[in-house]
Amino acid sequence: MARRTPGGWVTLALIAGVLSAPVVVFVAVFGVSFGWWSRFFALHQLTWGLAPWLFGLGTICALILLWRARRGGLLRVLSALVAVAVVAVGAWLFHNNTRPYSLYEGAPRSVSTNPSDPPLFSTRLMAERLESGGAQEEELEDAACPGVESIPTQVLAEEATAALQRAGFTPLPSSLFRVEGTHTGLWFQIRHDATIRIRPGRTDVRVAVRDDLVPDGQACRLLARIVAELQPGS
C-alpha cells in the first residue's frame with residue numbers, strides 16, 4: 001500500500017475543514033429527528049453556536065485549496081472550485097433555513113383567516129398540544145397573514161382533508177364541520193397544527209406552531225398554502 005505524502009494529509013485536512021460546518025448542521029438537524037438531543041441544543045449549541053465558526057474555518061480551507069491549486073493540474077483546480085462552491089452553497093442554505101428560527105417573541109404563534117374569531121382546535125388536538133409542550137388556547141393570540149382570506153363558500157369535509165394533505169399536513173380524526181391536521185417540518189422537526197372550520201357560506205383556517213421555536217413566517221406560508229388548496233379548481 002502506498003504511503004500518503006504529507007501534502008496528501010494536508011489536502012485531506014483542508015477538505016475536512018470545508019465539510020465540517022455542513023456536517024455539523026446535518027447532524028444537528030437529524031439528531032433532533034432521531035431524538036438524540038433537544039431542538040434547543042441543536043439550534044443554539046450546534047447550529048448557531050458552532051457552525052458559524054466552522055463556516056469561517058471552511059472558507060479559509062477552501063481559499064488555501066484554491067491557492068495550492070495554482071501549482072497543480074486541472075483536477076486540483078476543479079477540486080478547489082468544488083470546495084469553494086460547497087462553502088458558498090452551505091452558507092446560503094444556513095442563512096435561509098436556520099436564521100428564521102427564533103423564540104416566539106418575534107413571530108406570531110398562531111395565524112388565522114379570521115383572527116377576531118379563529119377556529120378552535122378540537123379537545124383531542126388541544127390535549128396533544130399541551131402534552132407535547134404546546135401553548136394553551138388563550139396564549140396563542142392569533143394574527144392575520146397579508147393577502148390570506150377566508151374561503152367564501154362552505155367546502156366539503158373530504159375536500160378540506162385533501163387540501164391539508166396537498167399542503168403537506170397529516171390529517172387527524174375530524175368531523176363534518178372541522179378538519180384538522182399536523183405538519184412536521186424537515187428542519188428541526190418543528191410542528192404546526194391546522195384546523196379548518198366549515199360553516200354555511202364561509203370556511204376559515206387556522207395554523208399554530210406547537211413548539212417554542214417559531215420559524216418566522218412559516219405559519220403564514222402554511223396557512224396560505226392550505227387556503228390556496230381549498231380554492232375551487234385547485
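A residue is called exposed when its relative accessible area is over 50%, and buried when that area is under 20%. These two terms guide the following report on a predicted model.

**Helix H4 and its two sides**

Helix H4 spans residues 123-131. Thr 123, Arg 124 and Glu 131 are exposed on one side of this helix. The buried residues of H4 are Leu 125, Met 126 and Arg 129. Viewed down the helix axis, these buried residues fall within an arc of 100°, so they line one face of H4. They pack against three strands: E4 (178-184), E5 (191-199) and E6 (202-209). Just after the helix, Gly 133 adopts a positive phi of about 90°.

**Two buried arginines**

Arg 129 belongs to helix H4, while Arg 197 is part of strand E5. Arg 129 counts as buried because its relative accessible area is 0%, which is under the 20% cut-off. Arg 197 has a relative accessibility of 12% and therefore also counts as buried. In the side chain of each arginine, a polar atom lies at the distance shown below from a backbone oxygen.

| Arginine | Residue giving the backbone oxygen | Distance |
|---|---|---|
| Arg 129 | Val 209 | 3.1 Å |
| Arg 197 | Asp 117 | 2.8 Å |

**The surroundings of Arg 197**

Which residues does Arg 197 touch, not counting those up to four places away in sequence? They are Asn 114, Asp 117, Pro 118, Pro 119, Phe 177, Arg 202, Thr 203 and Asp 204. Asp 117, one of these residues, is also the one whose backbone oxygen lies 2.8 Å from a polar atom of the Arg 197 side chain.

How values were computed. Residues are numbered from 1 along each chain as its sequence is written. This is a predicted model: local features need pLDDT of at least 70, side-chain atom pairs count only at pLDDT 80 or more; totals for chains, interfaces and linings use all residues. Side-chain values use heavy atoms; hydrogens and water are left out. Helices (H or I, at least four residues) and strands (E, at least two) are DSSP runs, numbered from the N terminus. Buried means under 20% relative accessible area, exposed over 50%, partly exposed in between (1.4 Å probe, protein chains only). A polar contact is a pair of N or O atoms within 3.5 Å; within protein, one must be able to donate a hydrogen and the other to accept it, and residues adjacent in sequence count only if both atoms are side-chain atoms. The arc is that of the directions from the helix axis to the C-beta atoms. Contact means heavy atoms within 4.5 Å.
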